[in-house]
Amino acid sequence: MFIDTAAEFDVRAYLRPEMMPHFLCPGCGHGIALRALLWAIHDLKIDKDKLAVVSGIGCAGRLSAYIDANTFHVTHGRPLAYATGLALARPDLHVVVITGDGDCLAIGGNHLIHACRRNLKLTCLMLNNEVYGMTGGQVSPTTSEDRLTTTTPLGNQEPHFDACALAMAAGAGFVGREVTHHVPKLKELIKAGLAHPGFAFVEVLSDCTEIFGRKNDMGNSAEMVMRQKSGIRPSAYRDTVDTPFRPNHLPTGILAKNDRPEYGAAYRRAAAARKGAA
Amino acid sequence: MNVIDPRLASKGALKLVSGNHACALGAIAAGCRFFAGYPITPSSEVAERLAKQLPEVDGVFVQMEDEIASMAAVIGASMGGVKAMTATSGPGFSLKQENLGYAAGAEIPCVVVNVMRGGPSTGMPTRPSQADIMQARWGSHGDYPIIVLAPASVAEIYSETIRAFDLAERCRTPVVLLYDQVIAQLSETVALDGAGSATRTWASGPRAEFKPYATGMNAIPAMPRPGDGYRTHTTGLTHSESGFPTQNPEAVTRNLSRLFSKLERHRELIDSCETLACEDADVVIAAIGISARAARRAVEICRAKGLRVGLFRPITLWPFPEEQLRAAAMNARAVLVPEMNTGQLRLEVERVFGDKTVEGLHLFSGEAIVPADIAICAEELTRGM
């Protein structure tokens, strides 16, 4: 099915024209993810004045500057911690975190697992391109085995994280994953995450063509995206046992959803109950 | 010093509280409505008290997963427009430095309490120290301005906590409240009658013309509040008046020059110090915190012997009150710096004077310096002339 996404949604209403041209490399998947996020925000009619976007350091971290909202580009690995303070102090704001695989899973890994556990209402969009692109292409916690990076000249010998499995194990109320090839599905997934009353973790499989793709001879952007697409198992086929899906194919779509109590509301309720009892 | 200050006798709300509890109560009185922290000795009582009190005033307390996260959450809350604080001790203060630098660079008001304990590293968690004097000023990377307040009594912890919030809001800067384990866990009678701190200056006027880091004569920009329609960008990258990242040398120099000089332009608001018997002093003792209290007694001991000894006590430690110190010790022939470290305050005092004799009395055994030891040093300095 062909969907004319340009006709359905004009992204320019949500961007800062003074920040263009953007600094992403040709072929980078991050722009597609950004567009899907803004489309989801548009569909949900979230007021830009009440939208706060907090991002960390790295290629993904730079995206907040392009969004016409209240945007905060903070320190490496810490956007979830900043966002926790912001969301607790201002429950009237809609707080979205944009982070990358290094920002979120390596230097910020502690904040991720505790944000999942705490279940404060936040939407965390992690753009996974398997590499530290901004710093020139070093190995990240999600780099696949045997891949070449500037710091794994022998091929990566470390096992990689499954970010969604990590988020689920840490108790996240909403967990989902999608590839940039499926833009409307990605938009719908992000919408479900934004609408979730607690902490929502959405992993986007993005591609770093210029640095990671080139180093590993993975072809152009379209070839990288198609390779990702052929390596997933969409949620509709989750219980399918036979081919064409393989056991190591990454499940996509909504992977976990529960209605654990949202932390901010629970805290305020407990405080009100204590005051009422006094 | 250990009796009730007669000035308090006529006041109503006298309470026996510890330094850390006084800090928590001062924060509530100042309008602090958000605290994020991580347990660490000897500052944990600040967090414990606020965990109980903040929900009573519709504030929020959160214990974060680590020291770094608690500093980040405090800045996040303040960016949302709520007065926010964290409290820690040496090891945690080290971990907070990167985000403290962010608050200084992006100009986000916040208060950071550092209860100094013995170091280096894990050091002596239950023992006092004054070895974070330089870390409080220079702990984060890059050049940046910061205010550091150094109270010397429980009553002063209360009033300086309120002043810390006031200065943070007026100057759009992080403020460090620096005190030691002794006064943190010492209980004294305090009049809890201070209240309120400055309301933040919020951006107003049309969005189209608004530049978040453009300033008038006072060099301190008004902050845009999320939700008010300005939709601005805040970053730790070097930015121009627009708030967006830039590496344009002129724009970088313009904004950083303003940042580096903004506290200097407000010294009359920031400066605070105490002088005791300095007018005719041959020897001036320069000290902060619990060491200054011992020094005060040492001055009495020396004066009783007819020795001309005075005390200079910075209450605002950074920016350092160098003019006030120079004036206080103008006629003195020597300055004595008793401190619980290897000479951090002495280094700054030496910088101020250049050619005057500056002697240190340094103790890093985990014990507080006692008055008799300071008096002996001061006496030797008066005799040595």
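Here are some questions and answers on a predicted model, covering a sheet, a chain contact and a pair of domains.

User: Let's start with the sheet that has β1(A) in it. Which strands sit at its edges?

Analyst: Eight strands make up this open sheet, and their pairing is mixed. The order goes β11(A)-β7(A)-β8(A)-β4(A)-β3(A)-β1(A)-β2(A)-β10(B). An edge strand here pairs on one side only, and that leaves β11 (253-257) of chain A and β10 (233-235) of chain B.

User: By what angle are neighbouring strands of this sheet turned against each other on average?

Analyst: The sheet in question is the open one with mixed pairing. With direction ignored, the average turn between its neighbouring strands comes to 15°.

User: Where the sheet goes from chain A to chain B, what is the bridge partner of H73(A) in β10(B)?

Analyst: On the chain A side, β1 (residues 51-55) and β2 (residues 70-73) pair in the parallel sense over four bridges, and S55(A) stands opposite H73(A). β2(A) also runs parallel to β10(B), joined to that strand by three bridges. In β10(B), H73(A) is partnered by T235(B).

User: Which helix lies across β1, β2, β3 and β4 of chain A?

Analyst: The strands β3 and β4 meant here span 94-100 and 122-128 of chain A. The helix across them covers residues 79-89 and runs at about 175° to β3(A). That's α3 of chain A.

User: Now the contact between the chains. Which element gives the largest share of the side of chain B that touches chain A?

Analyst: The contact takes 36 residues from chain B and 33 residues from chain A. On the chain B side, β2 (34-37), β3 (60-63), α3 (67-79), α4 (90-106) and β10 each supply at least two residues. By class, that side has 20 nonpolar, eleven polar and five charged residues. The largest share, nine residues, belongs to α3(B).

User: How far apart are the centres of the two domains of chain B?

Analyst: Chain B splits into domain 1 (6-191) and domain 2 (274-383). Taking the centres over C-alpha atoms, the separation is 26 Å.

User: And which element gives the most to the side of domain 1 that touches domain 2 in chain B?

Analyst: In chain B, 24 residues of domain 1 are in contact with 20 residues of domain 2. The domain 1 side is made of 17 nonpolar, three polar and four charged residues. Elements of chain B supplying at least two residues each include β6 (124-128), β8 (174-180) and α7 (181-185). The top contributor, with four residues, is α5(B).

How values were computed:
Residues numbered from 1 in each chain as written. Chains lettered and ligands numbered in written order. Predicted model: local features only at pLDDT ≥ 70, side-chain atom pairs only at ≥ 80, totals over all residues. Pairing = 2+ DSSP bridges. Axes fitted to C-alpha atoms, helices over the stretch in contact; angles between N-to-C directions. Contact = placed C-beta atoms within 7 Å. Nonpolar A, V, L, I, M, F, W, Y, C, P; charged D, E, K, R; others polar. Domains from an automatic or database assignment.
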